[in-house]
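User: Please take a close look at one loop of this model and the charged side chains linked with it. I am in my first year, so go step by step and explain the terms as you need them.

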Amino acid sequence: MKLPFDISFEGKVVAITGAAGVICSELAKAFSAAKAKVAILDLDLEKAEKVADEIKKSSGIAGAFQINCLKKEEIVASHKAVNDAFGKVDILINGAGGNNPRASTDDEFFDPAKEGIKTFFDLDPSGIEFVFNLNFLATLLVTQEFAKDMVGREGCSILNISSMNAFTPLTKIPAYSGAKASVSNFTKWLAVYFSKIGIRVNAIAPGFFSTAQNKTLLWNKDGTPTARTHKILSNTPMGRFGEVNELVGASLFLSSQEAASFITGVVLPIDGGFSSYSGV
């Protein structure tokens, strides 16, 4: 992998949750290319091992570890496994997250005349709880455990994955928007809480990226763009979806003690201008 600028994390241990996914697997490869030891943490161990194998084939140092970010005992076990393999964690990236259809409405606006669609009044409480927990609670629980490694050590940092819909909630997905807003708020809270012991806490807020997770929302079966895609691109000043590698530079920068030692509590949008555009 070609990095956007010269940077080294040699001697650093980077733990990444959700690291078998599209975004965080790219970040894992980037930190490896910058000479870090990378712990690939994911619920799907088989996919995590594939990412780790790719890194190893490129002469990087990586290991795959299974984790359920909502179960404390599994988080503790995964943390111990990472410590046994690589030593104490210097950088934690909380990338586990996602949405669920049970927490989404069918339409953007409520119309009582429409029948047979899922409205706000039909949302499944268990679906909302799942989405909120997967994004916010998982970030909190994993940080509670892995940040123990950082206490009393210099150059440690945490990077959370928020979303541009934390700034402006998207239609149809109230639970996901609310959960990501919580991640942004928690990032700022934690930055203050850890400020006296030198642990920096920041977040990136990706805009729209075409991934496997949102494929059906963005593209029809014949490969043509959906109505939602037209809306997204017309409200993104740069007029396109982001490429996953465009998240790498900001993530490396914010995680670097040398480059960003006085930056903490920042939530950086990487969204082609979406969060800045009013639509008029």
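Analyst: First, a term. A residue is buried when its relative accessible area is under 20%, exposed when it is over 50%, and partly exposed in between. Keep in mind that this is a predicted model.

Start with Glu-108. This residue sits in the loop between β4 and α4. Its relative accessible area is 26%, so Glu-108 counts as partly exposed.

Now look for its partner. Side chains of opposite charge can pair when their charged atoms come close. Glu-108 pairs with Arg-228 in a salt bridge, and the closest N and O atoms are 4.0 Å apart. The two come from distant parts of the chain: Arg-228 belongs to helix α7, residues 227–234, and 120 residues separate it from Glu-108. Arg-228 has a relative accessible area of 17%, so this residue counts as buried. A partly exposed residue thus meets a buried one.

The pair has company. Lys-231 joins Glu-108 and Arg-228 in a network of salt bridges.

Go back to the loop. Phe-121 also lies there, between β4 (91–94) and α4 (125–146). Its relative accessibility is 62%, so Phe-121 counts as exposed. Phe-121 is part of a nonpolar patch on the surface, with Phe-110 and Phe-120. Together the three have about 420 Å² of accessible area. So the loop holds a charged residue in a salt-bridge network and an exposed phenylalanine in a nonpolar patch.

Next, a salt bridge between Lys-114 and Asp-107. Their side chains meet with N and O 2.7 Å apart. Lys-114 is partly exposed at 44%. Asp-107 is partly exposed too, at 24%.

How many salt bridges does the whole structure have? A search finds nine. Another of them joins Arg-153 and Asp-90, with the closest N and O atoms 2.6 Å apart. Arg-153 lies in the loop between α4 and β5 (157–161), and Asp-90 in the loop between α3 (72–86) and β4, so the pair ties together parts that are 63 residues apart in sequence. Asp-90 is buried at 4%. Arg-153 is partly exposed at 24%.

Helix α4 ends our loop, so follow this helix to its neighbour α3. The axes of α3 and α4 come within 10 Å and cross at roughly 40°. That angle makes α3 oblique to α4. The crossing is right-handed.

Compare another helix pair. Helix α1 (residues 22–33) and helix α2 (residues 45–57) pack at about 25°, with axes 10 Å apart. That makes α1 roughly parallel to α2. Here is the cut-off behind the two labels: angles under 35 degrees count as roughly parallel. The crossing of α1 and α2 is right-handed.

One last check, back at Arg-228. Ala-203 is 25 residues away along the chain, and the C-alpha atoms of the two are separated by 26 Å. Ala-203 lies in strand β6, residues 200–206. Its relative accessibility is 0%, so Ala-203 counts as buried. Now set this beside the salt bridge: Glu-108 and Arg-228 are 120 residues apart, but their closest N and O atoms are 4.0 Å apart.

How values were computed. Residues numbered from 1 in each chain as written. Predicted model: local features only at pLDDT ≥ 70, side-chain atom pairs only at ≥ 80, totals over all residues. Heavy atoms only, no water. Patch = residues over 30% accessible without salt bridge, like charges linked within 9 Å, V, L, I, M, F, W, Y side chains within 5 Å. Areas by Shrake-Rupley, 256 points an atom, 1.4 Å probe, with all protein chains shown as cover. Helix = DSSP H or I, 4+ residues; strand = E, 2+ residues; numbered from the N terminus. Buried < 20%, exposed > 50% of the residue type's maximum accessible area, 1.4 Å probe, protein only. Axes fitted to C-alpha atoms, helices over the stretch in contact; angles between N-to-C directions. Parallel < 35°, antiparallel > 145°, perpendicular 65-115°, else oblique. Left-handed = near helix turned anticlockwise from the far one by under 90°.
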